[in-house]
Amino acid sequence: MINTDVIIIGGGTTGCGIARDLALRGIPHYLIERGDFAAGATGSCHGLLHSGARYVVTDPQAAKECISENLILRRIAEKCVEPTGGLFVRLPGDSKRFRDRFLKCCEDVGIPTDVLSPSRAIDLVPELNPMIEEAIKVPDCAIDPFRLCMLNAISSRQAGGGFLIHHEVIDIIKEKGRCVGIKAKEKFTSQIKVVRGKIIINATGAWGDKVAALGGSHVPLTLSKGSLIISNHRLTNMVINRLRPPSDGDIIVPNEAVCLAGTTSISVKDPDNIKVESHEIDTIATEVDHMIPKFGSTRMIRAYCGVRPLFASGVEDTRAISRGFRIIDHNNGLFSIIGGKLSTYRLMAEKMVDIIMTRFDKKVPCTTAQIPLDGQDELTGYPLSKRLKDMDDIICECELVTRADVEGVMNRIGTKYIEDIQHRTRLGMGPCQGGFCTYRALGVMQEMGRISPEDSIRILKTFLEGRFKGIRPALWGDQLREEQLVESIYLGILSMSSK
Ligand SMILES: Cc1cc2nc3c(=O)[nH]c(=O)nc-3n(C[C@H](O)[C@H](O)[C@H](O)COP(=O)(O)OP(=O)(O)OC[C@H]3O[C@@H](n4cnc5c(N)ncnc54)[C@H](O)[C@@H]3O)c2cc1C
């Protein structure tokens, strides 16, 4: 049994941000996550560090939080953020009145803007639709959610914080009406671990109500699914938004060598039962094509979706719900923290930990806005030039991941999950989607004695099935040809069964 002061359930940005803040204020804690870090909405988001401009007309409070956190994260999380800048483009037929309100609201909230003529905008992003009427420049950025979670976790670990990843909380232990601990089941072995704590924080986003129910509490949630597509090329070096009220398919974000285009907003009931629908892909492709006409003829490598946890119950129009966040004290030792944005995770963590400090009667101020995240220099991955330096023994050609990178992750975290290596190195995230590198990485894991041959076949199948879920909605043209090749390697040469 493990004893600690604060138990955090959920390893998205909210949970990892809380762990780091607790660590910097000297509070012992343990974080429990059922997958790897960023397994929920965090890892399936758009990767946009909002300037706040998207919400400035509809939700000025959320916009204010975004611009202030945008400035902080660019400073403390430099290696996770690419300061691309963003353009809001106005196309023929888009409302000029909305544009005027947008500029006025940006001024009120303090978001700097620069109105550009079509030719100045096209100088910045040559693939833009030449028919645009104007563009407004704002300080949007691209952000890597996986790296952001892991760096927050590193800070926490350095201060003695504990983590159990691939452990699902299956029960909250109650004594005399108070929540005093959790039971967690390890995914691989089904082993049960017990962690006891004085305070439990439910930071499970879309799963917030399910987890609160384990402690006999309730969180009013509306779940909104959003889908995105990944293009094989970086079609823009800036974030491109459509200058109109938030709608489907109106943002494209550059991310390393690719672009993420989306999104949609569809009310769903169960966050564990979601998939990308083909009509969503059609809508996104059509809408993004209006801003960047080359998008439609560019190869797509996969699609994915995630669920936004919005604080409200039973609201039909999910875009009308505020993107602000709420902290709920269930008055039994359990707190839930719900809503918000990835862009505002640090602020959410600060407010949560402020409350915890009062419960422990301690007065240590928050310093997460001043101290840069630990571990930024050791990270593999971004920038690409760092990966180009060492090209020996390549395991993943698409993303330039070497044997040393794979062994490095194995030695650091001793995982049995190929996804953990993927999230820490980008293995399998390129055009072949793991077709050529997955079996090689599993070979390395076997050579290192971490998994048996039987385990490796089971892991390979589960991983390929997971990847296929995302590839399936983008199967046409070159991506279809590539997938047929991958299928013939696994089913033909390696004699795997499709059952
Ligand atoms: C499609 C989409 C696009 C988005 N784009 C952006 C964007 O570009 N910029 C931005 O700022 N925000 C964006 N957001 C919002 C942002 O992703 C979320 O607000 C944020 O990531 C929520 O983080 P979280 O940690 O609260 O929740 P999550 O990331 O969902 O984390 C909850 C975690 O709890 C874990 N969990 C659940 N149940 C259990 C259990 N029983 N035991 C243990 N662990 C459990 C899950 O595995 C998960 O990892 C987007 C959201 C979506 C859905």
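I take helices (H or I, at least four residues) and strands (E, at least two) as DSSP runs, numbered from the N terminus. This is a predicted model, in which local features need pLDDT of at least 70 and side-chain atom pairs count only at pLDDT 80 or more, while totals for chains, interfaces and linings use all residues. Residues are numbered from 1 along each chain as its sequence is written, and side-chain values use heavy atoms, with hydrogens and water left out.

**Entry: backbone**

I began with Leu400, which sits in the loop between β23 (394–396) and β24 (401–402). Its phi is near 55°, a positive value in a residue other than glycine. Leu400 has a relative accessible area of 16% and is buried. For burial I use relative accessible area: buried is under 20%, exposed is over 50%, and partly exposed is in between (1.4 Å probe, protein chains only).

I then looked at His166, in the loop between β10 (162–164) and β11. His166 is not a glycine, yet it has a positive phi of about 60°. It counts as buried at 5% relative accessibility.

Which residues does a cis peptide bond join? I found Gly262 and Thr263, with omega about 0°. Thr263 is placed in the loop between β18 (258–262) and β19 (266–268). I noted these cases because most residues other than glycine have a negative phi, and most peptide bonds are trans.

**Entry: cysteines**

I searched the whole structure for disulfides (pairs of cysteine sulfur atoms within 2.5 Å). The search gave zero. Why does Cys106 have no bond to Cys105? The Cys105 sulfur is the closest cysteine sulfur to that of Cys106, but at 7.3 Å it is too far for a bond. Cys106 is buried, at 0% relative accessibility. For Cys141, the closest cysteine sulfur is in Cys66, 12 Å away and also too far for a bond. Cys141 is buried as well, with a relative accessible area of 1%.

**Entry: ligand**

I counted a residue as near the ligand if one of its heavy atoms lies within 4 Å of it. There are 37 residues around the ligand, and Thr14, Glu33, Thr42, Leu48 and Ser343 come nearest. The shell divides into 13 nonpolar, 19 polar and five charged residues. In that split, Ala, Val, Leu, Ile, Met, Phe, Trp, Tyr, Cys and Pro count as nonpolar, Asp, Glu, Lys and Arg as charged, and the others, Gly among them, as polar.

At least two shell residues come from each of α1 (13–24), β11 (167–175), β15 (221–231) and β20 (300–311). Domain 1 (2–41 + 146–220 + 322–359) and domain 2 (81–142 + 224–311) each give at least three. The domain bounds come from an automatic or database domain assignment.

For polar contacts I took pairs of N or O atoms within 3.5 Å; within protein, one must be able to donate a hydrogen and the other to accept it, and residues adjacent in sequence count only if both atoms are side-chain atoms. A polar backbone atom of Thr13 is 3.3 Å from a ligand oxygen atom, and a polar backbone atom of Gly40 is 3.3 Å from a ligand oxygen atom. From Thr42, a polar side-chain atom lies 2.5 Å from an oxygen atom of the ligand. Taken alone the ligand exposes 1000 Å², and the protein buries 97% of that. Accessible areas are by the Shrake-Rupley method with a 1.4 Å probe; for residues, only the protein chains shown count as cover.

**Entry: two helices**

His423 is in helix α11 (residues 418–425), and its side chain makes a polar contact of 2.7 Å with that of Asp36. At 18% relative accessibility, His423 counts as buried. I found Ala441 in helix α12 (residues 438–447), buried at 0% relative accessibility.
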